[in-house]
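Reader: Hello! Could you take me through one part of this model closely, namely its salt bridges, and then show me how that part sits in the whole chain?

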Amino acid sequence: MNLTRRALFGQGAAGLGGLALGSLFTKQGLAIQAPDPLAPLLPHFAPKAKRVIYLLQNGAPSHVDLFDHKPMLKKMHGTQIPDSVVGGKRFSTMTGTQTARPVLGEITEFSRHGKSGATVSSFLPRTAEIADDLCFIKSMHTTQVNHAPAITFLMTGGEQAGRPALGAWLSYGLGSESEDLPAFVVMTSRDKEASCGQIFYDFYWGSGFLPSKYQGVKFRGSGDPVLYISNPEGMSREVRRTMLDGLGELNAIKLRDQGDPEIATRIAQYEMAYRMQSSVPDLTDLSKEPKHILDMYGPDVLRQGSYAYNCLMARRLAERGVRFVQLMHAGWDQHRNLNTQLKIQCQDVDAPSAALIKDLKQRGLLDDTLVVWGGEFGRTPFLQGDITNTKQWGRDHHPYAFTVWMAGGGVKPGTTYGESDEFGFNVAKDGVHIHDLQATIMHLMGIDHERFTFRFQGRQFRLTDVHGEVVKPILA
(Lines give C-alpha, C1' and ligand atoms only; values in the text may rest on other atoms or scores of the structure.)
Protein backbone atom coordinates (compact mmCIF):
# COMPACT_ATOMS: atom_id res chain seq x y z
CA MET A 1 0.00 0.00 0.00
CA ASN A 2 3.00 2.29 0.45
CA LEU A 3 4.26 1.75 -3.11
CA THR A 4 3.67 4.30 -5.84
CA ARG A 5 2.81 3.04 -9.30
CA ARG A 6 6.26 4.09 -10.52
CA ALA A 7 7.97 2.21 -7.66
CA LEU A 8 5.90 -0.91 -8.28
CA PHE A 9 6.96 -1.07 -11.92
CA GLY A 10 10.54 -0.24 -11.01
CA GLN A 11 10.79 -3.00 -8.43
CA GLY A 12 9.02 -5.47 -10.66
CA ALA A 13 11.52 -4.94 -13.47
CA ALA A 14 14.69 -5.20 -11.41
CA GLY A 15 16.04 -4.81 -7.92
CA LEU A 16 17.69 -1.57 -6.85
CA GLY A 17 21.06 -3.28 -6.72
CA GLY A 18 20.71 -4.53 -10.27
CA LEU A 19 19.86 -1.06 -11.50
CA ALA A 20 22.85 0.44 -9.72
CA LEU A 21 25.17 -2.27 -11.09
CA GLY A 22 23.85 -1.76 -14.59
CA SER A 23 24.45 1.99 -14.26
CA LEU A 24 28.06 1.37 -13.21
CA PHE A 25 28.62 -1.04 -16.10
CA THR A 26 27.15 1.45 -18.54
CA LYS A 27 29.47 4.25 -17.38
CA GLN A 28 32.41 1.87 -17.90
CA GLY A 29 31.21 0.83 -21.33
CA LEU A 30 30.56 -2.78 -20.19
CA ALA A 31 26.85 -2.95 -20.85
CA ILE A 32 24.06 -1.36 -22.84
CA GLN A 33 21.50 0.12 -20.46
CA ALA A 34 17.91 -0.59 -21.40
CA PRO A 35 15.77 2.56 -21.68
CA ASP A 36 13.57 3.37 -18.71
CA PRO A 37 9.97 2.88 -19.92
CA LEU A 38 8.79 5.49 -17.41
CA ALA A 39 11.24 8.20 -18.44
CA PRO A 40 9.89 11.11 -20.53
CA LEU A 41 10.77 10.69 -24.20
CA LEU A 42 12.30 14.14 -24.55
CA PRO A 43 13.16 16.09 -26.48
CA HIS A 44 10.28 15.45 -28.85
CA PHE A 45 12.26 16.89 -31.75
CA ALA A 46 15.63 18.48 -32.42
CA PRO A 47 15.98 21.53 -30.16
CA LYS A 48 17.30 24.92 -31.22
CA ALA A 49 18.34 25.77 -27.64
CA LYS A 50 20.08 23.64 -25.04
CA ARG A 51 19.59 26.02 -22.13
CA VAL A 52 17.63 29.10 -21.03
CA ILE A 53 18.68 32.20 -19.12
CA TYR A 54 15.61 34.12 -17.96
CA LEU A 55 16.36 37.70 -16.87
CA LEU A 56 13.16 38.40 -14.95
CA GLN A 57 12.71 42.07 -14.10
CA ASN A 58 10.53 42.00 -10.97
CA GLY A 59 8.11 44.86 -10.60
CA ALA A 60 7.57 45.35 -14.34
CA PRO A 61 9.59 47.73 -16.54
CA SER A 62 7.66 50.53 -18.21
CA HIS A 63 7.34 49.44 -21.84
CA VAL A 64 6.21 52.90 -22.97
CA ASP A 65 9.34 54.51 -21.51
CA LEU A 66 11.86 51.90 -22.68
CA PHE A 67 10.88 50.08 -25.89
CA ASP A 68 7.39 50.83 -27.19
CA HIS A 69 7.60 54.38 -28.54
CA LYS A 70 4.19 56.07 -28.74
CA PRO A 71 4.23 59.71 -29.98
CA MET A 72 0.56 59.97 -29.02
CA LEU A 73 1.54 59.99 -25.34
CA LYS A 74 3.51 63.22 -25.69
CA LYS A 75 0.87 64.72 -27.94
CA MET A 76 -1.86 64.10 -25.34
CA HIS A 77 0.29 64.52 -22.22
CA GLY A 78 -1.81 65.73 -19.28
CA THR A 79 -5.19 65.08 -20.91
CA GLN A 80 -7.59 62.35 -19.85
CA ILE A 81 -7.00 59.03 -21.62
CA PRO A 82 -10.12 58.21 -23.70
CA ASP A 83 -12.68 55.92 -22.09
CA SER A 84 -12.82 54.03 -25.38
CA VAL A 85 -9.21 52.96 -24.78
CA VAL A 86 -9.55 52.07 -21.11
CA GLY A 87 -12.83 50.26 -21.72
CA GLY A 88 -13.61 49.32 -18.12
CA LYS A 89 -10.31 47.52 -17.62
CA ARG A 90 -9.23 46.30 -14.20
CA PHE A 91 -6.25 47.88 -12.40
CA SER A 92 -4.57 47.51 -9.04
CA THR A 93 -6.07 49.13 -5.95
CA MET A 94 -3.63 52.03 -6.37
CA THR A 95 -5.46 53.39 -9.42
CA GLY A 96 -8.60 51.26 -9.42
CA THR A 97 -10.64 54.12 -7.94
CA GLN A 98 -8.64 56.95 -9.50
CA THR A 99 -11.02 58.89 -11.75
CA ALA A 100 -8.42 61.26 -13.22
CA ARG A 101 -6.19 59.29 -15.57
CA PRO A 102 -4.09 61.83 -17.45
CA VAL A 103 -1.90 60.54 -20.26
CA LEU A 104 1.78 60.58 -19.25
CA GLY A 105 4.28 61.11 -22.06
CA GLU A 106 7.45 59.04 -21.99
CA ILE A 107 10.12 60.48 -19.70
CA THR A 108 12.97 59.24 -21.93
CA GLU A 109 14.08 59.92 -25.49
CA PHE A 110 13.69 57.25 -28.16
CA SER A 111 15.83 56.61 -31.23
CA ARG A 112 16.24 53.83 -33.76
CA HIS A 113 19.19 51.47 -33.65
CA GLY A 114 20.95 48.96 -35.87
CA LYS A 115 19.92 47.70 -39.27
CA SER A 116 16.64 46.56 -37.73
CA GLY A 117 15.74 50.11 -36.70
CA ALA A 118 14.47 48.98 -33.28
CA THR A 119 13.27 51.78 -31.00
CA VAL A 120 15.15 51.78 -27.68
CA SER A 121 15.16 54.35 -24.89
CA SER A 122 18.09 56.66 -24.18
CA PHE A 123 18.20 55.05 -20.71
CA LEU A 124 19.41 51.78 -22.29
CA PRO A 125 22.40 52.70 -24.50
CA ARG A 126 24.19 49.32 -24.17
CA THR A 127 21.00 47.40 -24.98
CA ALA A 128 20.59 49.64 -28.03
CA GLU A 129 24.02 48.50 -29.25
CA ILE A 130 22.82 44.88 -29.50
CA ALA A 131 19.44 45.69 -31.05
CA ASP A 132 20.20 43.56 -34.10
CA ASP A 133 20.71 40.51 -31.86
CA LEU A 134 17.32 40.91 -30.21
CA CYS A 135 13.76 39.96 -30.99
CA PHE A 136 11.28 42.38 -29.41
CA ILE A 137 7.76 41.16 -28.67
CA LYS A 138 5.62 44.25 -28.17
CA SER A 139 2.25 42.55 -27.84
CA MET A 140 2.64 40.57 -24.64
CA HIS A 141 -0.41 40.40 -22.40
CA THR A 142 -1.41 38.61 -19.21
CA THR A 143 -4.38 38.22 -16.88
CA GLN A 144 -2.96 39.44 -13.56
CA VAL A 145 -2.70 42.98 -12.16
CA ASN A 146 -0.61 42.26 -9.05
CA HIS A 147 2.99 41.12 -8.78
CA ALA A 148 2.95 37.78 -6.98
CA PRO A 149 0.14 36.15 -9.00
CA ALA A 150 1.52 37.64 -12.23
CA ILE A 151 5.04 36.29 -11.63
CA THR A 152 3.60 32.96 -10.51
CA PHE A 153 1.54 32.82 -13.71
CA LEU A 154 4.55 33.74 -15.84
CA MET A 155 6.91 31.20 -14.26
CA THR A 156 4.53 28.31 -13.47
CA GLY A 157 1.54 28.68 -15.79
CA GLY A 158 -0.84 28.97 -12.83
CA GLU A 159 -1.99 32.01 -10.87
CA GLN A 160 -1.81 30.28 -7.49
CA ALA A 161 1.35 28.89 -5.93
CA GLY A 162 1.96 25.16 -6.10
CA ARG A 163 2.72 24.30 -9.71
CA PRO A 164 6.19 23.50 -11.07
CA ALA A 165 8.23 26.39 -12.39
CA LEU A 166 9.37 26.48 -16.01
CA GLY A 167 12.91 25.56 -14.97
CA ALA A 168 11.59 22.55 -13.03
CA TRP A 169 9.62 21.33 -16.05
CA LEU A 170 12.68 21.60 -18.28
CA SER A 171 14.92 19.90 -15.72
CA TYR A 172 12.41 17.08 -15.33
CA GLY A 173 11.97 16.62 -19.06
CA LEU A 174 15.49 17.14 -20.34
CA GLY A 175 17.75 16.42 -17.36
CA SER A 176 21.06 18.17 -16.90
CA GLU A 177 24.18 18.48 -19.02
CA SER A 178 26.25 18.96 -15.87
CA GLU A 179 27.08 16.27 -13.30
CA ASP A 180 28.55 18.76 -10.84
CA LEU A 181 25.94 21.53 -10.78
CA PRO A 182 22.15 21.59 -10.50
CA ALA A 183 20.10 21.70 -13.68
CA PHE A 184 18.10 24.68 -12.39
CA VAL A 185 19.81 27.60 -10.63
CA VAL A 186 18.21 30.79 -9.29
CA MET A 187 19.85 34.10 -8.37
CA THR A 188 18.18 37.24 -7.06
CA SER A 189 19.20 40.89 -6.79
CA ARG A 190 17.55 44.22 -6.15
CA ASP A 191 18.14 47.92 -6.67
CA LYS A 192 20.66 49.37 -4.21
CA GLU A 193 18.11 51.94 -3.03
CA ALA A 194 15.65 49.18 -2.05
CA SER A 195 12.98 51.40 -3.51
CA CYS A 196 10.23 48.78 -3.58
CA GLY A 197 9.19 45.90 -1.39
CA GLN A 198 9.25 43.07 -3.91
CA ILE A 199 9.59 39.66 -2.23
CA PHE A 200 11.25 36.67 -3.85
CA TYR A 201 8.95 33.80 -2.96
CA ASP A 202 10.44 30.30 -3.12
CA PHE A 203 7.50 29.03 -5.15
CA TYR A 204 8.71 31.15 -8.09
CA TRP A 205 11.28 28.38 -8.63
CA GLY A 206 9.54 25.47 -6.90
CA SER A 207 9.02 21.95 -8.24
CA GLY A 208 5.32 21.86 -7.32
CA PHE A 209 4.00 18.32 -7.75
CA LEU A 210 7.16 17.15 -9.53
CA PRO A 211 9.80 15.39 -7.41
CA SER A 212 11.66 18.02 -5.40
CA LYS A 213 14.89 17.07 -7.16
CA TYR A 214 13.77 19.41 -9.93
CA GLN A 215 13.21 22.58 -7.89
CA GLY A 216 15.57 25.50 -8.44
CA VAL A 217 18.68 25.77 -6.28
CA LYS A 218 19.03 29.35 -5.07
CA PHE A 219 22.53 30.84 -5.00
CA ARG A 220 22.82 33.35 -2.17
CA GLY A 221 23.96 36.95 -2.61
CA SER A 222 26.55 36.86 0.17
CA GLY A 223 28.88 34.38 1.79
CA ASP A 224 28.89 30.83 0.44
CA PRO A 225 26.60 30.71 -2.62
CA VAL A 226 24.95 27.59 -1.19
CA LEU A 227 24.49 26.92 2.52
CA TYR A 228 26.78 24.29 4.01
CA ILE A 229 28.88 24.04 0.83
CA SER A 230 31.93 24.01 3.10
CA ASN A 231 32.65 21.12 5.45
CA PRO A 232 32.45 21.87 9.18
CA GLU A 233 35.74 22.46 10.93
CA GLY A 234 37.50 19.18 11.64
CA MET A 235 35.65 17.18 8.96
CA SER A 236 37.76 16.08 6.00
CA ARG A 237 36.40 15.34 2.54
CA GLU A 238 37.14 11.64 3.11
CA VAL A 239 35.05 11.58 6.30
CA ARG A 240 32.22 13.38 4.48
CA ARG A 241 32.36 10.75 1.71
CA THR A 242 32.15 7.91 4.22
CA MET A 243 29.21 9.54 5.96
CA LEU A 244 27.33 10.05 2.69
CA ASP A 245 27.96 6.45 1.67
CA GLY A 246 26.40 5.30 4.93
CA LEU A 247 23.41 7.59 4.48
CA GLY A 248 23.07 6.40 0.90
CA GLU A 249 22.86 2.78 1.99
CA LEU A 250 20.22 3.56 4.61
CA ASN A 251 18.18 5.64 2.16
CA ALA A 252 18.45 2.89 -0.47
CA ILE A 253 16.94 0.40 1.99
CA LYS A 254 14.10 2.81 2.72
CA LEU A 255 13.56 3.47 -0.99
CA ARG A 256 13.35 -0.25 -1.65
CA ASP A 257 10.77 -0.67 1.10
CA GLN A 258 8.68 2.44 0.52
CA GLY A 259 9.18 3.39 -3.12
CA ASP A 260 8.83 7.08 -2.26
CA PRO A 261 10.42 9.18 -5.06
CA GLU A 262 11.37 11.81 -2.47
CA ILE A 263 13.82 9.29 -0.98
CA ALA A 264 15.45 8.98 -4.41
CA THR A 265 15.59 12.77 -4.51
CA ARG A 266 17.33 12.81 -1.14
CA ILE A 267 19.97 10.35 -2.35
CA ALA A 268 20.57 12.32 -5.55
CA GLN A 269 20.74 15.68 -3.79
CA TYR A 270 23.21 14.47 -1.16
CA GLU A 271 25.48 13.36 -3.98
CA MET A 272 24.98 16.62 -5.87
CA ALA A 273 25.86 18.60 -2.74
CA TYR A 274 29.07 16.60 -2.37
CA ARG A 275 30.09 17.29 -5.96
CA MET A 276 29.18 20.97 -5.61
CA GLN A 277 31.77 21.30 -2.87
CA SER A 278 34.33 21.10 -5.67
CA SER A 279 32.42 22.69 -8.57
CA VAL A 280 31.02 25.80 -6.85
CA PRO A 281 34.38 27.27 -5.71
CA ASP A 282 35.64 26.94 -9.28
CA LEU A 283 32.42 28.47 -10.63
CA THR A 284 32.70 31.55 -8.42
CA ASP A 285 36.46 32.09 -8.89
CA LEU A 286 36.60 35.14 -11.16
CA SER A 287 40.39 35.54 -10.99
CA LYS A 288 40.85 34.19 -14.51
CA GLU A 289 38.20 36.39 -16.11
CA PRO A 290 39.92 38.93 -18.43
CA LYS A 291 39.66 42.54 -17.35
CA HIS A 292 37.90 43.58 -20.56
CA ILE A 293 35.16 41.04 -19.83
CA LEU A 294 34.70 42.29 -16.27
CA ASP A 295 34.62 45.88 -17.53
CA MET A 296 31.93 44.96 -20.05
CA TYR A 297 29.58 43.84 -17.26
CA GLY A 298 30.05 47.12 -15.38
CA PRO A 299 31.44 48.37 -12.07
CA ASP A 300 29.24 46.14 -9.90
CA VAL A 301 30.42 42.87 -11.44
CA LEU A 302 32.60 41.88 -8.49
CA ARG A 303 29.95 42.70 -5.88
CA GLN A 304 28.36 39.38 -4.99
CA GLY A 305 24.59 39.60 -5.16
CA SER A 306 24.49 42.43 -7.71
CA TYR A 307 22.70 42.09 -11.03
CA ALA A 308 26.01 42.44 -12.88
CA TYR A 309 27.62 39.67 -10.82
CA ASN A 310 24.62 37.41 -11.40
CA CYS A 311 24.73 38.00 -15.17
CA LEU A 312 28.37 36.94 -15.27
CA MET A 313 27.52 33.91 -13.14
CA ALA A 314 24.73 33.08 -15.61
CA ARG A 315 27.26 32.91 -18.43
CA ARG A 316 29.59 30.74 -16.36
CA LEU A 317 26.71 28.44 -15.44
CA ALA A 318 25.62 28.20 -19.07
CA GLU A 319 29.06 27.13 -20.25
CA ARG A 320 29.12 24.46 -17.53
CA GLY A 321 25.90 22.88 -18.79
CA VAL A 322 23.25 24.24 -16.41
CA ARG A 323 19.89 23.83 -18.12
CA PHE A 324 17.94 26.81 -16.73
CA VAL A 325 19.18 29.95 -14.99
CA GLN A 326 16.49 32.16 -13.46
CA LEU A 327 17.87 35.58 -12.61
CA MET A 328 15.42 37.88 -10.81
CA HIS A 329 16.04 41.61 -10.27
CA ALA A 330 13.61 43.76 -8.26
CA GLY A 331 13.18 47.52 -8.28
CA TRP A 332 10.93 48.28 -11.26
CA ASP A 333 7.75 48.98 -9.28
CA GLN A 334 7.78 52.73 -9.89
CA HIS A 335 4.43 53.96 -8.62
CA ARG A 336 5.65 57.32 -7.30
CA ASN A 337 9.31 57.58 -8.28
CA LEU A 338 9.36 57.13 -12.05
CA ASN A 339 11.30 60.35 -12.64
CA THR A 340 14.14 59.27 -10.36
CA GLN A 341 14.25 55.50 -10.03
CA LEU A 342 13.72 54.42 -13.63
CA LYS A 343 17.06 55.83 -14.77
CA ILE A 344 18.90 54.29 -11.81
CA GLN A 345 17.29 50.92 -12.44
CA CYS A 346 18.24 51.04 -16.11
CA GLN A 347 21.84 51.83 -15.18
CA ASP A 348 21.86 48.73 -12.98
CA VAL A 349 20.70 46.32 -15.68
CA ASP A 350 21.60 47.85 -19.04
CA ALA A 351 25.32 47.07 -19.36
CA PRO A 352 25.17 43.64 -17.67
CA SER A 353 22.24 42.45 -19.83
CA ALA A 354 23.97 43.55 -23.01
CA ALA A 355 27.30 42.14 -21.83
CA LEU A 356 25.71 38.74 -21.27
CA ILE A 357 24.51 38.65 -24.89
CA LYS A 358 27.90 39.80 -26.22
CA ASP A 359 29.78 37.38 -23.99
CA LEU A 360 27.67 34.39 -25.00
CA LYS A 361 27.94 35.37 -28.65
CA GLN A 362 31.74 35.69 -28.71
CA ARG A 363 32.06 32.28 -27.02
CA GLY A 364 29.75 30.60 -29.52
CA LEU A 365 27.12 29.94 -26.86
CA LEU A 366 24.37 32.30 -27.99
CA ASP A 367 23.26 30.05 -30.85
CA ASP A 368 22.05 27.39 -28.41
CA THR A 369 21.32 29.57 -25.38
CA LEU A 370 17.93 31.28 -25.22
CA VAL A 371 17.95 34.55 -23.26
CA VAL A 372 14.65 36.19 -22.24
CA TRP A 373 14.40 39.68 -20.70
CA GLY A 374 11.18 41.16 -19.32
CA GLY A 375 8.78 41.62 -16.44
CA GLU A 376 5.50 40.13 -15.31
CA PHE A 377 3.52 42.96 -16.98
CA GLY A 378 4.07 46.56 -18.10
CA ARG A 379 3.15 50.01 -16.72
CA THR A 380 0.13 52.18 -17.47
CA PRO A 381 0.34 54.84 -20.19
CA PHE A 382 -1.58 57.12 -17.84
CA LEU A 383 -0.29 58.71 -14.64
CA GLN A 384 -0.69 57.40 -11.15
CA GLY A 385 -0.87 60.46 -8.93
CA ASP A 386 -1.06 64.21 -9.49
CA ILE A 387 0.18 65.59 -12.83
CA THR A 388 1.45 68.76 -11.12
CA ASN A 389 3.63 66.84 -8.63
CA THR A 390 6.45 65.80 -10.95
CA LYS A 391 8.59 64.39 -8.11
CA GLN A 392 5.98 61.71 -7.47
CA TRP A 393 5.02 60.77 -11.00
CA GLY A 394 4.40 57.08 -11.41
CA ARG A 395 2.74 54.39 -13.47
CA ASP A 396 0.54 51.57 -12.19
CA HIS A 397 0.63 47.87 -13.17
CA HIS A 398 -0.48 47.20 -16.73
CA PRO A 399 -1.22 43.66 -17.98
CA TYR A 400 -2.90 44.53 -21.28
CA ALA A 401 0.17 45.20 -23.44
CA PHE A 402 3.89 45.13 -22.65
CA THR A 403 7.27 44.25 -24.14
CA VAL A 404 9.82 41.50 -23.65
CA TRP A 405 12.92 40.75 -25.68
CA MET A 406 14.53 37.44 -26.56
CA ALA A 407 17.90 36.54 -28.03
CA GLY A 408 19.74 33.47 -29.31
CA GLY A 409 18.52 29.90 -29.06
CA GLY A 410 16.67 29.76 -32.38
CA VAL A 411 14.96 33.16 -32.18
CA LYS A 412 15.05 35.41 -35.25
CA PRO A 413 17.43 38.32 -34.44
CA GLY A 414 16.82 41.94 -35.38
CA THR A 415 13.05 41.61 -35.46
CA THR A 416 10.01 43.16 -33.79
CA TYR A 417 6.82 41.15 -33.46
CA GLY A 418 3.37 42.40 -32.50
CA GLU A 419 2.05 45.87 -31.88
CA SER A 420 0.18 47.76 -29.20
CA ASP A 421 -2.28 50.55 -29.97
CA GLU A 422 -1.28 54.21 -30.32
CA PHE A 423 -1.35 54.62 -26.52
CA GLY A 424 0.60 51.43 -25.76
CA PHE A 425 -2.50 50.35 -23.85
CA ASN A 426 -4.04 47.37 -25.67
CA VAL A 427 -2.68 44.83 -28.13
CA ALA A 428 -3.40 45.98 -31.66
CA LYS A 429 -1.76 43.18 -33.67
CA ASP A 430 -0.38 39.66 -33.14
CA GLY A 431 -1.00 39.30 -29.41
CA VAL A 432 1.25 36.97 -27.42
CA HIS A 433 -0.23 35.56 -24.22
CA ILE A 434 1.91 34.28 -21.34
CA HIS A 435 1.05 30.70 -22.32
CA ASP A 436 2.18 31.46 -25.88
CA LEU A 437 5.55 32.62 -24.57
CA GLN A 438 5.87 29.47 -22.46
CA ALA A 439 4.92 27.26 -25.41
CA THR A 440 7.51 28.99 -27.59
CA ILE A 441 10.30 28.58 -25.04
CA MET A 442 9.50 24.87 -24.73
CA HIS A 443 9.38 24.50 -28.50
CA LEU A 444 12.85 26.01 -28.83
CA MET A 445 14.03 23.44 -26.27
CA GLY A 446 12.63 20.63 -28.43
CA ILE A 447 9.44 20.07 -26.44
CA ASP A 448 5.85 19.92 -27.66
CA HIS A 449 4.10 21.70 -24.80
CA GLU A 450 0.82 19.86 -25.46
CA ARG A 451 2.41 16.41 -25.12
CA PHE A 452 4.61 17.14 -22.11
CA THR A 453 2.40 16.40 -19.11
CA PHE A 454 2.57 15.04 -15.56
CA ARG A 455 -0.27 13.17 -13.91
CA PHE A 456 -1.26 14.62 -10.53
CA GLN A 457 -4.46 14.28 -8.50
CA GLY A 458 -6.22 12.36 -11.23
CA ARG A 459 -5.47 14.59 -14.22
CA GLN A 460 -2.68 15.39 -16.64
CA PHE A 461 -1.06 18.76 -15.94
CA ARG A 462 1.12 20.77 -18.26
CA LEU A 463 2.90 24.12 -17.99
CA THR A 464 0.54 25.82 -20.43
CA ASP A 465 -2.65 24.31 -18.94
CA VAL A 466 -5.01 23.95 -21.94
CA HIS A 467 -3.74 27.01 -23.81
CA GLY A 468 -0.70 28.27 -25.67
CA GLU A 469 0.40 28.57 -29.30
CA VAL A 470 4.01 28.59 -30.50
CA VAL A 471 4.85 32.04 -31.92
CA LYS A 472 6.28 30.68 -35.16
CA PRO A 473 7.05 34.01 -36.91
CA ILE A 474 9.84 34.75 -34.40
CA LEU A 475 11.61 31.43 -34.98
CA ALA A 476 14.81 31.57 -36.99
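Author: Happy to; here is a walk through the salt bridges, followed by the setting around them.

Please keep in mind that this is a predicted model. The structure holds 27 salt bridges, and three pairs are worth a close look.

Let us start with Glu 177 and Arg 51, which form a salt bridge with their closest N and O atoms 3.8 Å apart. Glu 177 sits in the loop between helix 8 (166–174) and strand 5 (184–190), while Arg 51 belongs to strand 1 (residues 51–58), so this pair ties together parts that are 126 residues apart in sequence. The two partners can be told apart by their cover: Glu 177 is partly exposed at 41% relative accessibility, whereas Arg 51 is buried at 6%.

Next come Arg 363 and Glu 289, whose side chains meet in a salt bridge at 3.9 Å, N to O. Here both partners lie in loops: Arg 363 between helix 13 (338–362) and strand 8 (369–374), and Glu 289 between helix 10 (261–283) and helix 11 (291–297), so the pair ties together parts that are 74 residues apart in sequence. Arg 363 counts as partly exposed, with 34% relative accessibility, but Glu 289 is buried, with a relative accessible area of 8%.

The third pair is Arg 459 with Asp 465, a salt bridge whose closest N and O atoms are 3.5 Å apart. Arg 459 is partly exposed at 33%, and Asp 465 also counts as partly exposed, at 21% relative accessibility. Returning to the second pair, Arg 363 and Glu 289 belong to one network, joined by salt bridges that share partners, together with Asp 282, Arg 315, Arg 316, Glu 319, Arg 320 and Asp 359.

For contrast, look at a nonpolar patch on the surface, formed by Met 243, Leu 247, Leu 250, Ile 253 and Tyr 270, with about 430 Å² of accessible area together. Helix 9 (residues 237–258) gives the most to this patch, with 4 residues. Ile 253 has its place in helix 9 and is partly exposed, with a relative accessible area of 39%.

Now for the whole chain: it has 14 helices and 17 strands, and 53% of its 476 residues count as buried. Its radius of gyration is 24 Å, which agrees with the value near 23 Å for a compact globule of 476 residues. Among contacts with a separation of 6 or more, 78% come from residues 24 or more positions apart. Finally, the chain exposes about 20,900 Å², of which carbon and sulfur atoms supply 53%.

Conventions
Residues are numbered from 1 along each chain as its sequence is written. This is a predicted model: local features need pLDDT of at least 70, side-chain atom pairs count only at pLDDT 80 or more; totals for chains, interfaces and linings use all residues. Side-chain values use heavy atoms; hydrogens and water are left out. Patches are made of residues with over 30% relative accessible area and no salt bridge: like charges are joined within 9 Å, nonpolar side chains (Val, Leu, Ile, Met, Phe, Trp, Tyr) within 5 Å. Accessible areas come from the Shrake-Rupley method with a 1.4 Å probe; for residues, only the protein chains shown count as cover. A salt bridge is a side-chain nitrogen of Lys or Arg within 4 Å of a carboxyl oxygen of Asp or Glu. Helices (H or I, at least four residues) and strands (E, at least two) are DSSP runs, numbered from the N terminus. Buried means under 20% relative accessible area, exposed over 50%, partly exposed in between (1.4 Å probe, protein chains only). The radius of gyration is taken over C-alpha atoms; the globule rule is 2.2 Å times the number of residues to the power 0.38. Contact means heavy atoms within 4.5 Å.
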